[in-house]
Amino acid sequence: MPRGQKSKLRARERRRQAQEEPKNMGNVQTTAAKEETHSSSCSHFKDTPKSSSTPGAVSNQKEPGRAPSTVVTAATAVSHKTANGDTKYQVEGKPNVSQAIIEHWHKNVVDQKVTVLVHYLLYKYRMKEPITKADMLRNVIQMCKNWYSEILKQASEHLELVFGLDMKEVDPNKNIYVLINKLELDHNAKVNDNRGIPKTGLLMTILGVIFTKGNCASEEQVWAILNMMGVYDGKRHFIFGDPRKLITRDLVKEKYLEYRQVANSDPPRYEFLWGPRSHAETSKMKVLEFLAKIHNTIPNAFPGWYEEALKDEEERAQARLTAKAHNAAIASSRPKVTSSSFSCPK
């Protein structure tokens with residue numbers, strides 16, 4: 001190629017390179033600016049686990065057409081090592097979701113088993129049949145054997161609180177249990193004593209509400225406590241049936257409760273008082289002992305109520321002494337019959 005043409009080609013190449021150099025410099029500067037910005041924004045999250053090095057880490061990359069995923073950063077996550085050395089990440093201030101699901105499921109299963117076991121134990125009580133651990137495991141607990149103690153404990157507490165039944169183990173070797181109506185109003189009287197559903201615990205609870213509310217409790221106050229026991233107005237109870245009928249008609253008819261309209265109330269409001277049979281068959285001290293047992297304490301932990309209960313005990317003792325003296329006076333005033341009063345036929 002002639003020398004003149006080579007010179008022209010070299011000159012043309014130099015002009016082309018000179019034109020492209022500013023454009024390339026602009027690209028380099030833009031790239032550097034982007035990298036600097038990215039580096040600056042990521043410097044706040046230096047402790048964030050990288051997806052390439054930590055299995056299970058959350059990626060913050062977006063995919064076209066998809067909503068951005070939740071990003072777990074060092075500002076919102078806490079890392080901890082398990083016993084085998086694996087690192088786990090949990091959102092700060094929020095419980096582990098899987099653990100919460102497991103706990104919720106566990107509670108539901110236990111609650112269901114407790115309900116079934118209460119039914120089963122009440123059936124055994126009515127039929128006067130022995131209760132064994134083997135029967136409970138086979139007929140009720142079944143696949144939840146690891147939770148047997150927890151289920152039995154909750155069922156026993158429910159039986160004692162609501163029905164006044166205490167579960168006693170009479171044969172530790174064979175794991176045989178019996179249910180004892182230990183909250184009887186007295187040793188010779190029971191509420192609906194026909195080996196049916198004992199309602200003493202429910203009645204004692206209502207008597208306790210009345211006692212602690214100044215010996216007269218509004219209907220709203222009574223229902224508030226019964227609601228805490230799972231007994232609701234207008235909702236049929238799996239054991240008691242219609243709760244309103246039970247406490248406003250049945251127990252009133254049996255004279256354990258008095259249910260009356262509040263004077264001059266408009267619209268009408270109602271209140272509960274102790275009935276004559278409750279006054280005769282139990283006492284404020286017995287009711288206070290029942291309430292103390294529920295709260296896992298002793299009666300004198302409630303000083304005001306305890307003082308009132310002691311006064312009631314003294315009045316009852318005095319009444320018994322007066323009645324005894326009266327009966328003795330009547331007996332001594334009767335004419336004595338002697339053998340000399342009768343003559344033998346000759």
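**Close-up views of the predicted model**

**View 1. A nonpolar surface patch formed by Val170, Val178 and Ile180.** In this predicted model, Val170, Val178 and Ile180 together make a nonpolar patch of about 220 Å² on the surface. One of these residues, Ile180, belongs to strand E5, which covers residues 176-181. The relative accessible area of Ile180 is 39%, and this residue is therefore classed as partly exposed, between the limits of 20% for buried and 50% for exposed.

**View 2. The largest nonpolar core and the two domains that build it.** The largest nonpolar core of the model comprises 55 residues, and those with the most contacts inside it are Leu117, Leu121, Met136, Phe163, Leu226 and Ile247. Helix H2, which spans residues 97-127, gives the most to this core, contributing nine residues. Because residues of both domain 1 (102-181) and domain 2 (199-326) take part, the core lies between the two domains. As a general background to this view, nonpolar side chains in soluble globular proteins tend to be buried together.

**View 3. The surroundings of Ile247.** Ile247 is among the residues with the most contacts inside the largest nonpolar core. When residues up to four places away in sequence are not counted, Ile247 touches Ile206, Val222, Trp223, Leu226, Val252, Leu257 and Phe272. Of these partners, Leu226 is also listed among the core residues with the most contacts.

**View 4. A salt bridge within helix H4.** The model contains 13 salt bridges, and this view shows the one in which the side chains of Glu157 and Lys153 meet, with an N to O distance of 2.7 Å. Both residues lie in helix H4 (residues 148-163), where, because they are four residues apart, they are separated by about one helical turn. Glu157 is partly exposed, with a relative accessible area of 42%, whereas Lys153, at 52%, is classed as exposed.

**View 5. A salt-bridge network centred on the side chains of Glu219, Asp233 and Arg244.** The side chains of Glu219 and Arg244 meet in a salt bridge with an N to O distance of 2.5 Å. Glu219 lies in helix H6 (residues 219-228) and Arg244 in helix H7 (residues 243-253), so this pair ties together parts of the chain that are 25 residues apart in sequence. Glu219 counts as buried, at 9% relative accessibility, while Arg244 is partly exposed, with a relative accessible area of 28%. Arg244 also meets the side chain of Asp233 in a salt bridge, here with an N to O distance of 2.9 Å. Since Asp233 lies in the loop between H6 and H7 and Arg244 in helix H7, the pair ties together parts that are 11 residues apart in sequence. Asp233 itself counts as partly exposed, at 38% relative accessibility. Through shared partners, the salt bridges join Glu219, Asp233 and Arg244 into one network.

**View 6. Thr200 in helix H5, shown with Leu165.** Thr200 is part of helix H5, which runs over residues 200-212. With a relative accessibility of 0%, Thr200 counts as buried, because that class takes in values under 20%. The view also includes Leu165, which is 35 residues away from Thr200 along the chain, and the C-alpha atoms of these two residues are separated by 8.6 Å.

Notes
Residues numbered from 1 in each chain as written. Predicted model: local features only at pLDDT ≥ 70, side-chain atom pairs only at ≥ 80, totals over all residues. Heavy atoms only, no water. Patch = residues over 30% accessible without salt bridge, like charges linked within 9 Å, V, L, I, M, F, W, Y side chains within 5 Å. Areas by Shrake-Rupley, 256 points an atom, 1.4 Å probe, with all protein chains shown as cover. Salt bridge = Lys/Arg side-chain N within 4 Å of Asp/Glu carboxyl O. Buried < 20%, exposed > 50% of the residue type's maximum accessible area, 1.4 Å probe, protein only. Core = buried A, V, L, I, M, F, W, Y, C linked by side-chain atoms within 4.5 Å. Domains from an automatic or database assignment. Contact = heavy atoms within 4.5 Å.
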